[in-house]
Amino acid sequence: FANRLTPAVRSLVSQAVDTYAGDFLAGDLYSDSIRDERQHLMQRYIGVLFRLALLYLSVGDNLQALESLKRLLDKDPICEPAVRLLMIASALLGSRNRIPQICDDLSRRLEESYGLEPDELTIALKDRLLAGEKPGPGMWKNEVIVS
């Protein structure tokens, strides 16, 4: 698949992601009919960013994966699978020192929003990465988000 991620394809993907200009009719926050469509479009956007991050990790473009994940987490800061991918991308870019902060930010947000702690998978991944395990496709190939 890496050979199909040509500069032209990257440009088209970038343009497609940039098409999402923000929440649909953001000024009308109270109309039920608009709220549902707004939520649907945002979830599609998040799904595209997540799949892009997986693709970029798979082809070794870790910086683009990181950028996709940051955009995703700006919209959904408690998306745990995206946080796990962000920790992986950070490790691949040589920034293991950011991993505890990434995990702590998620922990704080989950506690504040829902009184929950991160999933065991997230904590185990953090520990593996901090122990020096080299990230590979097995760490991200089964990650999914539910939309």
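What share of the 147 residues in the protein is buried? In this predicted model, buried residues account for 37% of the chain. The fold itself is easy to follow: the protein has six helices and zero strands, and from the N terminus onward its elements read α-α-α-α-α-α. Contacts across the sequence help to fill in the picture. Among those that join residues at least 6 apart in sequence, 60% link residues at least 24 apart. As for the outside, the accessible surface of the protein amounts to about 8,800 Å², and carbon and sulfur atoms contribute 52% of that area.

A good place to begin a closer look is helix H5, which covers residues 99-114. This helix contains 16 residues, and the distance from its first C-alpha to its last is 22 Å, close to the 22 Å expected at 1.5 Å a residue. Several residues of H5 are buried, namely Ile99, Ile102, Cys103, Leu106 and Leu110. These residues lie on the same side of H5, because they cover an arc of only 95° around the axis. The cover over the buried residues of H5 includes two other helices, H4 (80-92) and H6 (120-130). Just beyond the end of H5 comes Gly115, whose phi is positive, at about 70°.

Helix H5 also takes part in the largest pocket, which holds about 220 Å³ of space. Thirteen residues would be a lot to trace at once, so to speak, but a few make handy landmarks: of the 13 residues that line this pocket, Leu73, Leu86, Arg98, Asp105 and Arg109 are the closest to its centre. Three helices, H3, H4 and H5, each provide at least two residues of the lining. The largest share is that of H5, with five residues.

Helix H3, one of the contributors to that lining, spans residues 62-75 and includes Ser68. Is Ser68 buried or exposed? With a relative accessible area of 6%, Ser68 falls under the 20% cut-off and therefore counts as buried. Leaving aside residues up to four places away in sequence, Ser68 touches Leu49, Leu52, Ala53 and Tyr56.

Taken together, these views give a newcomer a simple route through the model. The route starts from six helices, follows the buried side of H5 with its cover from H4 and H6 among others, passes the pocket lined in part by H3, H4 and H5, and ends at the buried Ser68 in H3.

Note on methods. Residues numbered from 1 in each chain as written. Predicted model: local features only at pLDDT ≥ 70, side-chain atom pairs only at ≥ 80, totals over all residues. Heavy atoms only, no water. Helix = DSSP H or I, 4+ residues; strand = E, 2+ residues; numbered from the N terminus. Buried < 20%, exposed > 50% of the residue type's maximum accessible area, 1.4 Å probe, protein only. Contact = heavy atoms within 4.5 Å. Expected span 1.5 Å × (residues − 1). Arc of directions from axis to C-beta. Areas by Shrake-Rupley, 256 points an atom, 1.4 Å probe, with all protein chains shown as cover. 1 Å grid on protein atoms, 1.4 Å probe; cavity = no way out; pocket = protein on both sides within 12 Å on 5 of 7 lines; lining within 4 Å. Points joined across faces, edges and corners; volume = space filled by probe spheres on them.
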